[in-house]
Amino acid sequence: MEYTTLGGTGARVSRIGFGGATLGLTNYLGRFDPDDAGDRSAMFAAIEVALDGGINYYDTAPGYGGGASERVLGEALRGVDSSGGCPLFVATKVPFSMDSTDATHVRASLEASLERLGRDHVDLLQIHGDSFTTEQTDAILAPGGVIEQLHSVKSEGLTRHVGFTTEDNNDSVYRLIRSGRFDTVQVCYNLLFQHPYDPTRPFGSLLEARRNGLGTVTMRTTTSGTFQRWVAMVNPAGTFDYSSALVQFVLSNPHVDVALVGMRDPDVVRANLAVADDLAGRIDLTALHERYV
């Protein structure tokens, strides 16, 4: 397993992170029930293979199945302190809305997450975001807002680092990155959705995060099935499996610390471990975007 340092946090993390959405969301990317005995058995086996293979970054959220993902990870990681010689790095999130900015919101959400995870702290607590508006960003950064609540629980040792997640690349993302209040950012980045990084300008939130010392985590590494559906439309015979190439594309970006991959099948974990070990499979993204000979 390839490891890196997560931005300025100093934490040593695996380049591939175990994405927790697929552990809790019913019928997400295929038929699945987190309460089904067979599905649960496969999930625990997948996590065991991930630990054996050196994956130490585990991402989850209370919004993944109403806490189901956190409960699965809590049970699977009970008594486990490290993987691949590195301490476990467990990240979860706190939901955000304009109606949840009271002073107890972050603490209540985190305490419930810690109970489900069976831990006395997490390594990273993130605002679970989609697209932040200007008004939402103002509320996050305002005195007494969510960012102050995050730093309050951080000062108590309930989380070691704080961050935010986003699917967007708008002005609010740059404001949050430049605020100096966050340790990490998690963005949507893959072969189809390349908006966080354009090497021809260069421009993008991944670059801005690097300039400001934030650790970078990417989600939807294999496009959440979008690319695969397109391939099925144009190549119904399915003569090539692009899964490993999609992961390699993201890992090839030098501005990405951790690429999250949803994995609830042991064989899928093994395949992604092999991709992580195949450093010769990385590509030169700058050369990929060249237009002139």
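This is a short tour of a few places to select in the model, which is a predicted one.

Begin with Pro202, which you will find in the loop between β10 (184-188) and α8 (205-211). Select Arg201 together with Pro202 and look at the peptide bond that joins them, for this bond is cis, with an omega of about -15 degrees. As background for this stop and the next two, most peptide bonds are trans, and most residues other than glycine have a negative phi.

Next, select Arg220, whose place is in the loop between β11 (215-219) and α9. Its backbone deserves a look, since phi of Arg220 is near 60 degrees, a positive value in a residue other than glycine. With a relative accessible area of 29%, Arg220 counts as partly exposed, because that class lies between the limits of 20% and 50%.

Stay in the loop between β11 and α9 and move on to Ser224, which lies there too. Ser224 is not a glycine either, and yet its phi is positive, at about 55 degrees. The relative accessible area of Ser224 is 17%, so this residue is buried, the cut-off for that word being under 20%.

Finally, go to helix α9 (residues 226-234), where Met233 is found. Met233 has a relative accessibility of 66% and therefore counts as exposed, a word kept for values over 50%. Now add Trp230 and Val234 to the selection and show the surface: with Met233 they form a nonpolar patch there, and the accessible area of these residues together is about 380 Å².

Notes. Residues are numbered from 1 along each chain as its sequence is written. This is a predicted model: local features need pLDDT of at least 70, side-chain atom pairs count only at pLDDT 80 or more; totals for chains, interfaces and linings use all residues. Side-chain values use heavy atoms; hydrogens and water are left out. Patches are made of residues with over 30% relative accessible area and no salt bridge: like charges are joined within 9 Å, nonpolar side chains (Val, Leu, Ile, Met, Phe, Trp, Tyr) within 5 Å. Accessible areas come from the Shrake-Rupley method with a 1.4 Å probe; for residues, only the protein chains shown count as cover. A salt bridge is a side-chain nitrogen of Lys or Arg within 4 Å of a carboxyl oxygen of Asp or Glu. Helices (H or I, at least four residues) and strands (E, at least two) are DSSP runs, numbered from the N terminus. Buried means under 20% relative accessible area, exposed over 50%, partly exposed in between (1.4 Å probe, protein chains only).
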